[in-house]
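Me: I have a two-chain model open and would like to understand the labels attached to it. Could you take me through the reasoning behind them?

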Amino acid sequence: MGATTAGILFVGSLILVLVAVHVPLGDHMHRTFTSRHHWTAERLIYRIVGVDPDAEQVWSGYARSVLAFSVVSVLALYGLQRLQGRLLLSLGYGGVDPDVAWNTAISFVTNTNWQAYSGESTMGHLVQMSGLAVQNFVSAAVGIAVAMAFVRGLARRRTGELGNFWVDLTRAVLRVLLPIAAIGAVALVAGGAIQNLADPHTVTTLTGAEQTITGGPVASQEAIKELGTNGGGFYNANSAHPFENPTSWTNWIEILLILLIPFSLPRTFGRMVGDRRQGVAIVAVMATLALLSVTLLNTAQLAHHGTVPESVTAATEGTESRFGVSNSATFAAATTLTSTGAVNSFHDSYTSLGGAVTLLNMMVGEVAPGGVGSGLYGMLILAIVTVFVAGLMVGRTPAYLGKRIGPREIKLASLYFLVTPMIVLVGTGIAMAFEGPRGSMLNTGPHGLSEVLYAFTSAANNNGSAFAGLTVATTFYDVALGLAMAFGRFLPIVLALALAGSLARQTPVPASAGTLPTHRPQFVGMVAGVTLILVALTFFPALALGPLAEGIH
Amino acid sequence: MLTSTLPASAPAALRKLDPRFMWRNPVMFVVEIGAAWTTVMAVLDPSAFAVLITTWLWLTVIFANLAEAVAEGRGKAQADTLRRTRKATTARRLTDAGEETVAAAELRRGDLVVVEAGQVIPGDGDVIEGIASVDESAITGESAPVIRESGGDRSAVTGGTRVLSDRIVVRITQRPGESFMDRMIALVEGASRRKTPNEIALTILLAALTIIFLVAIASMQPLAIYSVANSPGVEGGFALGSHGVTGLVLVSLVVCLIPTTIGALLSAIGIAGMDRLVQRNVLAMSGRAVEAAGDVDTLLLDKTGTITLGDRRASEFIPVGGTTGAELADAAQLSSLADETPEGRSIVVHAKEAYGLRERHAGALTHAAWVPFTAQTRMSGVDVDGRRLRKGASGAVTDWVRGQGGEVPSALADVVDRVSASGGTPLVVAAAENGDVRVLGVVHLKDAVKAGMRERFDRMRAMGIRTVMVTGDNRLTAKAIADEAGVDDFLAEARPEDKLSLVRAEQAGGRLVAMTGDGANDAPALAQADVGVAMNTGTSAAKEAGNMVDLDSDPTKLIEIVEIGKQLLITRGALTTFSIANDVAKYFAIIPALFVALFPGLDALNVMRLSSPQSAILSAVVFNALIIVALIPLALRGVRYRPSSASRLLNRNLLVYGVGGVVAPFAGIKIIDLVVQLVPGMQ
């Protein structure tokens with residue numbers, strides 16, 4: 001079997017399973033977030049936190065809850081890291097440096113999981129389990145909760161209420177993430193991933209050198225790392241490490257876990273707005289863009305011209321021979337398309353056009369299918385912008401699912417799609433303008449520029465993967481990327497919730513032959529086209545000086 | 001037409017360069033700042049390239065202002081004509097003591113004024129006494145005089161129109177300075193024009209795009225400086241130095257990328273939309289109403305006068321008993337000769353057309369005794385040559401027959417019911433001759449549906465608009481006419497207040513409702529409707545309540561108003577799409593030109609094979625300016641609109657303005673480049 005055939009089988013089998021699984025999972029999430037029934041365990045949590053689970057929140061209340069919860073999370077995680085040396089299971093590591101601790105706290109709370117540290121030599125088991133892994137669950141749950149509130153804004157009529165954040169958060173963790181993560185962890189253990197609380201072993205290698213091997217609760221963290229589109233590895237090598245991702249088929253499972261929830265949420269959306277075809281249309285836009293990206297990335301990696309790639313038939317540098325080039329490329333596409341940021345190969349080593357595709361995946365705004373929850377609301381806002389431009393061409397005030405897109409709605413949607421590109425461009429511009437940040441580049445010329453551009457794109461879009469090459473453990477990058485992550489996460493959330501609040505208040509316009517149908521291939525093509533053109537126009541100059549300057553011959 | 005108004009609008013376009021005016025249009029304001037900046041650069045460091053770029057940037061701003069000035073110019077001409085008719089008039093105000101002469105401007109609401117033949121009505125009001133023929137050509141352009149009388153729905157008069165005959169007393173209903181004519185002048189002139197909600201929303205989106213491009217270009221500068229520094233020994237070319245991209249080129253790039261095409265034409269599109277209504281003699285009180293017209297989901301149409309011709313006509317003679325059709329037609333015609341109502345005349349005409357009966361004249365039958373119609377007898381007829389003919393409402397005529405000792409055949413009731421059920425009005429004809437009294441038959445009077453209504457309603461349906469007919473008729477009659485006309489629904493036995501509740505019910509379901517009205521009792525529903533078109537012949541109350549006035553008083557015009565509203569929105573969407581799609585080609589023109597010296601590989605992106613970097617950038621700027629001028633006629637005329645489903649409309653417009661928008665500039669920039677490269681200093 002040739003590499004191409006194997007690659008196609010790998011992707012094809014993933015697609016088949018996703019097509020089969022997204023229906024029951026989407027329906028399960030629909031039930032979860034519309035049910036009136038509380039579990040006993042959930043009631044207990046509500047009592048401890050002190051919230052009334054049956055009281056709904058308006059958008060501003062919902063947003064305040066999200067922000068309050070996140071601020072508390074950042075402070076708790078920061079404290080835990082700083083105090084590590086005095087706590088249990090520290091493996092002898094001391095407190096984490098302030099700027100790394102701040103960067104890491106922001107990074108995990110924003111679902112970015114950018115890692116300015118090396119896991120196995122910085123974090124003890126306690127911080128990994130009760131700090132980082134907990135944030136892996138709750139930051140993903142925050143994304144799902146906000147997506148559900150946004151969908152309620154589209155589905156509801158004449159109300160200001162978008163649901164209860166605490167209920168959405170708790171249910172997302174208990175009813176969605178925990179059960180699937182548990183199954184995923186068992187599957188990974190079966191595949192050879194480790195799960196223990198062992199102290200580091202020191203072994204002597206074949207060449208006689210000494211090597212310290214850290215064990216730990218890896219499989220459990222790995223499962224939620226992928227499922228929650230988090231991406232923060234237990235080890236520095238992330239999913240390229242054999243304890244995290246031992247074999248080709250655990251690699252397959254990890255990609256499946258990454259794509260599972262983001263591709264199922266459109267089904268939930270369709271059920272919640274009472275028209276499954278709308279969900280199909282949204283998932284079709286995501287799938288179109290994703291397939292395009294996977295194909296391009298595989299092509300760039302397998303068929304790149306250049307002396308070395310041609311002589312070994314593919315761009316093998318920076319990839320694990322366990323997985324091969326194609327499965328690494330597919331993993332890279334999945335992880336950059338979903339704001340996960342886990343890596344099983346090094347994007348810095350990719351061909352310049354392959355690297356450009358991973359960059360583009362993030363620049364699209366993490367919507368194809370995007371992070372858990374954030375992908376759905378990001379895509380729905382793009383659909384709203386598309387409806388606004390194209391909808392005018394049918395001669396009516398544009399409306400999506402019967403909700404009119406007036407000045408207030410377009411203002412919020414415009415700000416939403418402005419925020420992330422602005423952070424990326426301004427951040428990259430500042431970094432490139434100063435001697436210090438420029439000194440962190442491993443490479444010179446366009447490739448070095450790509451490294452910086454990648455870092456800000458990854459942080460602002462809450463992806464968290466690194467192009468490698470760039471030395472980011474400096475105060476400038478810790479602070480700048482920390483800010484990029486925080487603004488890139490919470491400004492869009494607040495804008496999305498405000499938009500949902502204004503949509504929920506409307507009385508929907510009934511559909512007629514004169515309204516723009518938003519469930520046909522025509523609309524799918526339009527949203528994909530608008531997304532690509534907006535991204536291309538925004539980032540063309542930066543891409544031209546980075547990967548394109550390097551890659552076009 | 002355009003070629004004649006363009007030069008005339010040039011001074012206005014230059015006046016609009018005032019930044020205090022420009023900032024209201026964020027996209028073009030950015031262009032103006034850019035143009036000012038390049039002017040400074042061109043003065044400090046003159047070159048052919050700098051001068052040409054600066055010139056074309058200023059032209060871009062001026063072309064945008066020109067589009068608006070041309071659109072406004074058409075209204076201004078009309079306003080001037082109106083203003084000439086609104087000369088200072090005096091009014092004869094009635095006081096307790098008698099009459100006094102005051103200036104028209106001093107009139108207050110509720111004042112009573114007398115107007116006689118030859119005088120100009122001093123203000124808007126209602127006739128409370130008298131009847132007069134009035135020349136309203138000043139506002140409607142229609143030279144035939146109209147009748148205005150006290151009471152009823154034809155009582156409203158407009159200030160500035162002239163009484164041709166008789167004397168009327170008018171109660172003034174306007175406040176000083178707020179006459180219909182004043183508002184009309186302000187509207188056509190665009191003085192009171194406010195941005196509509198959709199226009200505001202679009203402006204926000206365009207501003208957001210402008211910000212994105214500004215940031216994208218601004219952040220490119222440090223990247224460019226870094227790239228130059230990292231390529232030692234390589235000449236950056238004319239656009240690049242160690243300080244990055246030159247200011248001239250940066251400004252050119254920004255101007256080419258921000259959505260100038262739609263930004264330049266946006267306000268012209270709005271003004272032209274209002275203007276298209278004015279040309280059809282409809283005055284919209286706000287742009288918001290025009291926009292709402294495009295969104296209408298439900299049209300409420302009065303049956304009488306809108307869907308039907310409004311007068312009943314004989315369509316059939318149905319004999320009963322042993323009578324023949326010809327016999328019935330003859331009797332019906334004879335009994336109607338002196339009947340001057342439209343119904344009566346239609347019986348005479350139909351008898352002639354259907355049975356070839358020669359038209360007789362009432363005057364020729366000198367010995368005939370005419371029995372006129374009265375409200376008590378509810379029938380009319382003639383006594384001639386010993387024969388007595390009667391024609392009238394079924395009950396009245398059968399009573400007459402029985403009173404004369406005649407028999408009423410049982411078949412008559414069936415025929416009468418059938419005619420009623422089909423929406424018609426049955427008139428029974430009976431004759432008495434030599435003691436023989438019998439019912440001859442029934443004349444079927446029908447309110448004829450106007451020609452072409454079914455097609456228009458089918459078109460509405462294709463556009464997703466539901467039509468509802470409102471009538472005072474009973475259900476059976478209403479249903480018959482509704483079926484014949486092809487409306488989607490009807491409201492029978494409607495009282496005036498039912499209209500209002502129907503409007504409210506439709507709106508509660510999220511639908512936008514449009515309706516026409518003229519009577520005072522239509523006013524609440526007109527005010528409630530999203531688009532309320534008042535007839536100019538109607539009452540002041542209706543004109544106050546509606547948000548549009550149709551000077552021709554043609555209720556079917558509502559359909560055209562909806563189409564104009566849609567066309568307005570489509571034009572905006574199409575030009576926005578076109579504008580954004582254009583950017584793709586401009587990037588392909590400028591980015592390779594900028595950086596090809598540093599990274600020769602980027603020449604692969606120079607797909608248009610433009611002759612030199614200077615020429616490429618200048619060509620993109622020139623194209624960007626010329627496309628505005630090229631699209632002015634489209635902005636003023638509106639994108640062609642044919643009623644069809646949303647999907648099909650979208651496919652067509654996407655193809656023309658989306659795909660066309662991507663392709664057109666590639667060709668346009670290439671052609672301009674072929675010319676520009678000949679200019680000295682462009683190589």
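Here is a friendly run through those labels, one at a time.

Reply: Happy to help; please keep in mind that this is a predicted model.

Me: Let's start between the chains. How do you know that Arg396(A) forms a salt bridge with Asp297(B)?

Reply: The closest N and O atoms of Arg396(A) and Asp297(B) are 2.8 Å apart. A salt bridge needs a side-chain nitrogen of Lys or Arg within 4 Å of a carboxyl oxygen of Asp or Glu, so the pair qualifies. The count between chain B and chain A is 1 salt bridge, while 15 residue pairs are in polar contact there. On chain B, the elements giving two or more residues to the side that touches chain A are α7 (197-229), α10 (287-295), α15 (453-462), α20 (557-595) and α22 (646-676). The largest share, 22 residues, comes from α7(B).

Me: What makes up the contact between chain B and chain A?

Reply: Chain B gives 63 residues and chain A gives 61 residues. Between them the chains bury about 5000 Å², with 75% of it on carbon and sulfur atoms. Leu223(B), Tyr226(B) and Leu650(B) supply 14% of the area that chain B buries against chain A, more than any other three residues.

Me: Why are Lys499(B) and Asp522(B) called buried?

Reply: Lys499(B) has a relative accessible area of 7%, and Asp522(B) also has 7%. Buried means under 20%, so the label fits Lys499(B) and fits Asp522(B). These residues form a salt bridge, with their closest N and O atoms 3.1 Å apart. The pair links distant parts of the chain: Lys499(B) is in helix α17 (residues 496-508) of chain B, and Asp522(B) is in the loop between β22 (513-517) and α18 (523-528) of chain B, 23 residues apart.

Me: What makes Arg438(A) and Glu435(A) a pair about one helical turn apart?

Reply: They are separated by about one helical turn because they are 3 residues apart in helix α16 (residues 435-438) of chain A. Their side chains meet in a salt bridge at 3.1 Å, N to O. Glu435(A) has 60% relative accessibility; exposed means over 50%, so Glu435(A) counts as exposed. Arg438(A), with 24%, lies between the 20% and 50% cut-offs and is therefore partly exposed.

Me: Why is the pair of Phe476(A) and Tyr477(A) called edge-to-face?

Reply: The centres of Phe476(A) and Tyr477(A) are 5.0 Å apart, and the angle between the planes is 85°. Rings pair if their centres lie within 6.5 Å, and planes over 60 degrees apart count as edge-to-face, so both tests are met. Tyr477(A) is buried at 0% relative accessibility, whereas Phe476(A) is partly exposed at 29%. Elsewhere in chain A, Tyr62(A), Phe69(A), Phe165(A) and Trp166(A) form one aromatic cluster.

Me: Why is Leu91(A) buried but Leu401(A) partly exposed?

Reply: Leu91(A) has a relative accessible area of 19%, under the 20% cut-off, so Leu91(A) is buried. Leu401(A) has 22%, which falls between 20% and 50%, so Leu401(A) is partly exposed. Leu91(A) is in the loop between α3 (59-82) and α4 (98-109) of chain A, and its phi is near 55°. Leu401(A) is in the loop between β3 (399-400) and β4 (403-404) of chain A, with phi near 50°.

Me: What makes a positive phi worth a remark, and which residues does a cis peptide bond join?

Reply: Most residues other than glycine have a negative phi, and most peptide bonds are trans. Ala368(A) and Pro369(A) are joined by a cis peptide bond, with omega about 0°. Pro369(A) lies in the loop between α13 (352-363) and α14 (374-392) of chain A.

Me: How do you know that the side chains of Thr158(B) and Lys543(B) make a polar contact?

Reply: Their distance is 3.5 Å, and a polar contact asks for N or O atoms within 3.5 Å, so this pair is just admitted. Thr158(B) is buried, with a relative accessible area of 1%. Thr158(B) sits in the loop between β7 (156-157) and β8 (162-163) of chain B.

How values were computed:
Residues are numbered from 1 along each chain as its sequence is written. Chains are lettered from A and ligands numbered from 1 in the order in which they are written. This is a predicted model: local features need pLDDT of at least 70, side-chain atom pairs count only at pLDDT 80 or more; totals for chains, interfaces and linings use all residues. Side-chain values use heavy atoms; hydrogens and water are left out. Rings of Phe, Tyr and Trp (its six-membered ring) pair if their centres lie within 6.5 Å; planes under 30 degrees apart count as stacked, over 60 as edge-to-face and the rest as tilted. Buried means under 20% relative accessible area, exposed over 50%, partly exposed in between (1.4 Å probe, protein chains only). Contact means heavy atoms within 4.5 Å. Buried area is the accessible area (1.4 Å probe) that two parts lose on being put together, summed over both. A polar contact is a pair of N or O atoms within 3.5 Å; within protein, one must be able to donate a hydrogen and the other to accept it, and residues adjacent in sequence count only if both atoms are side-chain atoms. Helices (H or I, at least four residues) and strands (E, at least two) are DSSP runs, numbered from the N terminus.
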